[in-house]
Amino acid sequence: MANLARKWIILSVKYILVLALLPSYTDAKRTKEKIYIDLQTQNACFRSLNATHQIGCTSSSEGNVGVLHYLETQDDYSWILKDGPNPPYVVLMNSLEFNSSNLDMLVASQRVNGILVINVLENQTLTPFPGQFSADKSCPNDAYGMYHKDKDYSNCRKQQWNVGGTDIGMMFKDYSIPMFSLPNEEDVTKLISTCYERFNRPINGTPRNYPLCAVQLNDRMDAAKDSVTCTRRTNRITNLSNPVRYCDPLGDKNIVATMKTVNSTEQRLNKSVIVFATKMDSLAMFHNEYPASDSTVTGIVTVLAVAEALGATRQEIKDTPTAKDIMFTLFQGESFDYIGSSRMVYDMDSNSTQFPQEINEKVVSLQEIRLDDIHSFVEVSQVGLRDQGKLWIHTDPITRPKLQDPTQLSDMIQSLKSIGLGLGVDLANVTEDTPLPPASVQRFLMKANIPAIVLTDHEKQFTNKYYNSRFDLPSKINVSDHGNQSDPSDDTQTQSLTDLATTLAQFLYKLSTGKDAPSSLKANKDTVESLLQCFLYNQHCELFRRSIDPDDAESLEKAKKPFPFYVSVNVNTNQVTTLTHHILAQYLGEKVNTSKDSCKAPDNDKTHQFLWIQGNLKPNATDNSRVGACIKSTTMLTTAKSPAFDIDDYDWLSGTYSTWTESVWEPLKVRIFLVPSQQFQTTTLSLGVVIMLVSFVIVYFINEQSDILFTHPTSNRYYTY
């Protein structure tokens, strides 16, 4: 009888196990995939910090969850803020509703657990463009510029530049919830059609019954409070084998290149360096969304086009002893309190460092450049949207009266306008009492009185209504995607920037040599077109492929969209900096007929840098193989990291240098799923508890009767002695 009972129980257990496991074998789809629908977006609002604040967004460690509600009308605000019976909510909103006042209202309600912003830029119905929008402040970088303590000019008293921004700036507020941008139309369809319309949309003001569709946003940031705190925590050694990082300083590399090669054994003449500069970075609220078409790209393209044009005259300038050197300079991190320019000024002015290279008695290098060596400073800012059809020359009203030669600046302006007039470029200068717009040269003028001009497309407020935002798109500066087309004639912007680059090349030539430039000194329209297409539309363009290091070619080919213009953290050199560096080296340098292994500077001579690039396609190649090329030039990378992180016992509250860091974050994720009612969840929990208790009773019974249920029959054994 006991054996029969034992067999019956064993068969019953096997049958139950088969029934329980059978679905796993017949349907291999994971349970998680049945519950959740993952979205593609990785474009999150993230956390940054400075010496006194934290800004940006974060989620809880498990992610923030809320019932999805699509904000379409004013009634939806009432539903989210007070009437809706199922808070917290995750709000889906379009670009017109996404502004500073609405964000403040939603976050302050404490009924909102996350925000999703539709940003399908190619679909104007889903993403209508606002009249103006900027994530930056209305007075960008003012606290670290030259006017921040001036009673007449501080806080843009004389001129508000960025009308699309706000006093604080959306980018610079601390939000307690996660936010994501949705650039993929498929994600938006899933949220609206599959989730909101089907399960959540109220019917005639009446809430829907459960289940409801919810969204989970994972955007966990590890740093908190301020840069001082997170840097101290990061520097605290708690694990030698795997140190924990909470934040990293923002920073990258500046690019510099001199036309002349004045080595460390030679004397650099006083006031003999002309600085020709622009910036390479931008900012925006969401990761990966930094188009920067007018904010940044028009300046980069202009400087590179000028470099190519003047590169043809480099030998003449080198061989003319009285010619002034021209230092091409591209700054990184300028959108975050002038990181790159403040570092260059620090290196030029410091007694403990030398710029652009450390000088060693055993090695010949470039002779250092000090602030006193700067003859003049010409900066190209936004130049793609011309106010009244003109470009505007800005000067500083504070240092102008203090210049050693008051006529030098006036002569520079007159010369530039005269050359522009001959080339059809309309240049005008703003009134002398107007302060400089946000510009890198401000950091230089805080230390020295230098004749300086800043060239922009605006006389007063920015003509770019989308400065430092995700809407600063190529279409807004009239640049279209040509794809495989070779004729750039339909882009007026290409011709405008070509004419400007020609004007600046001839102006710099005259400023350097004292002679009128030859009429043959012109910028190449095809080069301007190629640069615009590469930076704004096609990262796989031939110019980038030719210029990249072969070791980085794979990462270039894998890139799915143009590279972002965010400075990022001071860990790896970003893609924009690397590509710009290699292109500038080609324009100002020369090809050396040597192998890849031999493409390097001699151990005792560092006046030139050597780069190995992929080069042109091999003739008749069918496998995209390239010939490779060695480029010798004075183009080099210098540090673009705030001195605040390198100065011992730096006073973090002094406001002297940028203190921005970026938080380390966990993997980003957005997913949707259905949530049952509270009653259903309670019932499920109660049933689970009952099943668990019954299981305990059964296990207890089996354990108590184990001697009967599982006793083996006695086997007959024979022993041989």
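Student: Before we look at helix H7, what does buried mean here?
Tutor: Buried means under 20% relative accessible area; exposed is over 50%, and partly exposed lies in between, with a 1.4 Å probe and protein chains only. Helices are DSSP runs of H or I with at least four residues, strands are E runs of at least two, and both are numbered from the N terminus.

Student: What kind of model is this, and how are residues numbered?
Tutor: This is a predicted model, where local features need pLDDT of at least 70, side-chain atom pairs count only at pLDDT 80 or more, and totals for chains, interfaces and linings use all residues. Residues are numbered from 1 along each chain as its sequence is written, and side-chain values use heavy atoms, with hydrogens and water left out.

Student: OK, H7. Buried or exposed, mostly?
Tutor: Buried. H7 has 19 residues and 18 of them are buried, so the rest of the structure largely encloses H7.

Student: Where is H7, and what span should it have?
Tutor: Helix H7 covers residues 293-311. At 1.5 Å a residue it should span 27 Å, and its end C-alpha atoms are 25 Å apart, which agrees. The expected span is 1.5 Å times one less than the number of residues.

Student: And H12, how many of its residues are buried?
Tutor: 17 of the 22 residues of H12 are buried, so to speak mostly covered. Helix H12 takes in residues 492-513. Its expected span is 32 Å, and its end C-alpha atoms are 32 Å apart.

Student: What follows H12?
Tutor: Gly514 does, with a positive phi near 80 degrees.

Student: Switching to strands. Which strands are joined to S22 by bridges?
Tutor: Strand S1 (residues 37-38) is joined to S22 by 2 bridges, antiparallel. Strand S8 (residues 212-218) is joined to S22 by 7 bridges, also antiparallel. Two strands pair if DSSP finds at least two bridges between them.

Student: Which S22 residue partners Ile37?
Tutor: Ile672. Ile672 is also the bridge partner of Val215.

Student: How many S22 residues are buried?
Tutor: 5 of the 7 residues in S22 (residues 669-675), so the rest of the structure largely encloses this strand.

Student: What is the strand order in the open sheet of 4 strands?
Tutor: S3-S2-S21-S9, with antiparallel pairing. The edge strands are S3 (54-55) and S9 (247-249), each pairing on one side only. Ser48 stands opposite Ile55 in S3.

Student: Whole chain now. How many helices and strands?
Tutor: 18 helices and 22 strands. Of the 721 residues, 53% count as buried.
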